[in-house]
Amino acid sequence: MQIKYQAIILGGGQKAGSMLFPLCQDYSKSLLPVCNKPMILYQLDILETAGFGPQDILILLTKNHQAVADLVQRRAEIFYVSEDSESGSALLEAHEKIKKDFILLSCDSMIGANLLDLLDFHYSKKATISCLIKEEDLDKKQGRAPISCNLDESFDIMFIGSDQSLLHITNQEDDDQVNLSVSRNVLLSCQSVQIMTNLFDTHVYVCQYEVLELFQKLSKQELEIQNWRLEFLPYIIKHQKNVNLLNLMSKKEQGLFHERKHQQFSIKVFITQEYARRLNNIKDYQQANYESMIKGNKGVQLYQSVQDFQIQNQYPQDARISPDTVIGEGTRIGNKVTIQRSIIGKNCTIGDHVKISNSIIMKNVVINSNCIIQHCILSNESAVGHATELNKCNLGTLASVEPNQKLVDECIIR
């Protein structure tokens, strides 16, 4: 099947993993594992399922993320951007590699929706930009959020027109004193407007090629627009009926898309209730890993293929390992070890009498005997000394904890 779109994955730059510190201190966000599988491979899987081939996928990386390029080199084309590039400026640097309409994804977006449905929606609506939006049915009576509800990032406030146009977007974390304003022309473009507060932006967008040209023109006007989601998207939503913006869109320098010259500028929302989560913070990263362990009918389809390939290792008979625990190949488990609702990476060493619960242990980690690990994330090649207790602690790559420590809510780096 020939794809009419190009896929652009923002692979994470210097600033991309700041909310995931210390997990990304010396490690690319794209490689952080979910159920022992690097998150960027989920992106490639859903694109390939939709018919995208290596020639259709472009991943934008900084040169210090060479390990990502090595992992995906046969499944996508790599383009290196400046170390300090924001999401928008990275697109501008790669503009010569972008040849047609495109779908833009952030490497930390875990999506269960069918991308073909999104692409069909974009085409049928003749949209300039289509945003994939996740709708949550919050269970307020029982006071809990459902699976895939983003935990650390509050929902967006969106004004959505009767024709599925996006008229305004504001994050609920923004200053309460900021007024929600929509221009009269934008409001009058729809018969009715609905204000929704249970939505969040998945950071997946389908765009006409002209959007990239518009971005270039706006950047030349000395506007401080470097970030796609935080600066460019709100700007064009606010000004989508502005005559000057429409004039910029209508000026075709090369005439490649002359058939759309008189098309109206429109930003549409494709609302889904399928699984979606952004792993751009510690809480959501943990939650995605917990969701990946759920099996059966209640499990998340996105993660089922990973579970199907789990290797059944042999462990001591006195080890107590819960059915929802995932353990990677080559990991050695000591005597009288208890592991509950946790993910253990490849080639780890777990000493005797260790207790682990609700934790994510990445690859090549050493946990010495008589340790208790609860609600923790231990990054690659970290180590925990004998008889140490860790609760709600996060260890960076190569970090180590001395024996006989008792730590709570600590961030530990090498």
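How many bridges join β1 to strand β4, and in which direction do the two strands run? Four bridges join β1 to β4, residues 57-62, and the strands run parallel. Within this pairing, Ala 7 has Ile 57 of β4 as its bridge partner. I should state at once that what we are viewing is a predicted model.

Let me stay with β1. This strand also pairs with β6: five bridges join them, and again the two run parallel. Here Ile 9 has Leu 105 of β6 as its bridge partner. In a regular strand, side chains alternate between the two faces of the sheet. In β1, Gln 6, Ile 8 and Leu 10 point one way, while Ala 7 and Ile 9 point the other way, and all are buried. Strand β1 spans residues 6-10, and because five of its five residues are buried, it is largely enclosed by the rest of the structure.

For the wider setting, the protein chain contains 10 helices and 30 strands. Of its 414 residues, 54% are buried. Among contacts between residues at least 6 apart in sequence, 53% join residues at least 24 apart.

I turn next to helix α4, residues 115-124. Its buried residues are Leu 115, Leu 118, Leu 119, Phe 121 and His 122. They lie on the same side of α4, because they cover an arc of only 160° around the axis. The other side of α4 carries Asp 120, Tyr 123 and Ser 124, which are exposed. What do the buried residues of α4 pack against? They pack against helix α1 (39-49) and against four strands, namely β6 (102-106), β8 (129-135), β11 (193-207) and β12 (267-272). Strand β6 is thus a partner of β1 and also part of the surroundings of α4.

Both ends of this helix merit a remark. At its start, a side-chain oxygen of Asn 114 reaches to within 2.8 Å of the backbone nitrogen of Leu 116. Just after α4, Lys 126 adopts a positive phi of about 50°.

A second helical feature is the pair α6 and α7. Two packed helices are described by the angle between their axes and the distance between the axes. For α6 (residues 209-220) and α7 (residues 228-238), the axes come within 12 Å and cross at roughly 95°. That crossing makes α6 roughly perpendicular to α7. On the α6 side, the contact is made by Val 211, Leu 214, Phe 215 and Leu 218; on the α7 side, by Trp 228, Phe 232, Tyr 235 and Ile 236.

One lysine also deserves attention. Is Lys 37 buried or exposed? Its relative accessibility is 15%, and because buried means under 20%, Lys 37 counts as buried. This residue lies in strand β3, residues 37-38. Leaving aside residues up to four places away in sequence, Lys 37 touches Leu 32, Tyr 42, Asp 45 and Val 306.

Finally, I move to a sheet further along the chain. Five strands form an open sheet with parallel pairing, in the order β16-β19-β22-β25-β28. Its edge strands are β16 (332-333) and β28 (400-401), each of which pairs on one side only. Within the sheet, two bridges join β22 (residues 366-367) to β25 (residues 383-384), and these strands run parallel. There, Val 366 stands opposite Ala 383 of β25.

Terms used
Residues numbered from 1 in each chain as written. Predicted model: local features only at pLDDT ≥ 70, side-chain atom pairs only at ≥ 80, totals over all residues. Heavy atoms only, no water. Pairing = 2+ DSSP bridges. Buried < 20%, exposed > 50% of the residue type's maximum accessible area, 1.4 Å probe, protein only. Arc of directions from axis to C-beta. Contact = heavy atoms within 4.5 Å. Polar contact = N/O pair within 3.5 Å; in protein donor to acceptor, adjacent residues only side chain to side chain. Axes fitted to C-alpha atoms, helices over the stretch in contact; angles between N-to-C directions. Parallel < 35°, antiparallel > 145°, perpendicular 65-115°, else oblique.
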